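Here is a short report for someone meeting this structure for the first time. Look over the chain, then read on.

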Amino acid sequence: AGGVLTFTSGTATTDTSGSVTITSGAAASPASTGSGTVTVATGTTSAGDAGSDSGNLVLSTGVNSVSSGGSGDVSVSTGAAPAGKAGAITLSVGNSVSGLGSNIALTAGSNSASTVKNGGAINLMTGDSDSGLSGAISFGTANTDGDSPGTGGITMATGTTTGVQSG
């Protein structure tokens, strides 16, 4: 097995525990062409037993078991660009050669409280514009070619309930 690299902040007995920050260098001179890239990736699997996978990449916050305490948020954002174009965020799954293509799943949090509290929502909102159109939302299935029997469908539905209201 290969080596293990672990970054851990200190444990707190009062107040908040320490933080771990990984940052690339700043571009601080007029001759700079940009700040550096931070890459977090698992290793490539190029040999080994049949069916071996590359490693998983897990980004999560810790569990909070304290009464009325919440777990931390996960934020993915690009920086602002007051004099240019801000960066994009792309979620994509690699191509599969054999077997099914893999999915992207967005699931909001459930609520199992005995009092009436709603589950989490998923909000899709385009950007606004002060001088043009706001952004568009597009839903579609991919085109197929060759011997494919057809394309995938699009389904939109609300959940079922034994209560009074369904969305």
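## Fold and overall shape

Take the contacts in the protein chain between residues at least 6 apart in sequence: 0% of them join residues at least 24 apart. The model is a predicted one.

The secondary structure count is brief. The protein chain has 0 helices. It has 0 strands as well.

Next comes the overall spread. The radius of gyration of the protein chain is 23 Å. For a compact globule of 167 residues, the value would be near 15 Å. The C-alpha trace spans about 55 × 55 × 50 Å along the principal axes of the protein chain.

How much of the chain is buried? Of its 167 residues, 0% count as buried. The exposed surface of the protein chain comes to about 15600 Å². Carbon and sulfur atoms supply 50% of that surface.

## Pockets

Rolling a probe the size of a water molecule over the atoms shows where empty space is left. Two pockets are described here.

| Pocket | Volume | Nonpolar lining residues | Polar lining residues | Charged lining residues |
|---|---|---|---|---|
| Largest pocket | about 930 Å³ | 9 | 8 | none |
| Second largest pocket | about 760 Å³ | 8 | 4 | none |

Which residues lie nearest the centre of the largest pocket? They are Val 40, Leu 57, Val 58, Leu 59 and Val 76. In total, 17 residues line the largest pocket.

Val 76 also appears in the lining of the second largest pocket. Further residues of that lining include Ser 71, Val 74, Ile 89, Leu 91, Ser 92 and Val 93. Ile 104, Leu 106, Thr 107, Gly 109 and Leu 124 line the second largest pocket too. No charged residue is found in the lining of the largest pocket, and none in that of the second largest pocket.

## Two backbone angles

Most residues other than glycine have a negative phi. Two residues depart from this pattern.

Asp 15 has a phi near 65°, a positive value. Is Asp 15 buried or exposed? Its relative accessibility is 78%, so Asp 15 counts as exposed.

Ser 68 is not a glycine, yet its phi is positive, at about 65°. The relative accessible area of Ser 68 is 80%, so Ser 68 is exposed.

Conventions. Residues are numbered from 1 along each chain as its sequence is written. This is a predicted model: local features need pLDDT of at least 70, side-chain atom pairs count only at pLDDT 80 or more; totals for chains, interfaces and linings use all residues. Side-chain values use heavy atoms; hydrogens and water are left out. On a 1 Å grid over the protein atoms alone, a cavity is a set of points where a 1.4 Å probe fits but cannot get out, and a pocket is an open set with protein on both sides within 12 Å along at least five of seven lines; lining residues have an atom within 4 Å of a point. Grid points are joined across faces, edges and corners, and a volume is the space filled by probe spheres set on the points. Ala, Val, Leu, Ile, Met, Phe, Trp, Tyr, Cys and Pro count as nonpolar, Asp, Glu, Lys and Arg as charged, and the others, Gly among them, as polar. Helices (H or I, at least four residues) and strands (E, at least two) are DSSP runs, numbered from the N terminus. The radius of gyration is taken over C-alpha atoms; the globule rule is 2.2 Å times the number of residues to the power 0.38. Buried means under 20% relative accessible area, exposed over 50%, partly exposed in between (1.4 Å probe, protein chains only). Contact means heavy atoms within 4.5 Å. Accessible areas come from the Shrake-Rupley method with a 1.4 Å probe; for residues, only the protein chains shown count as cover.
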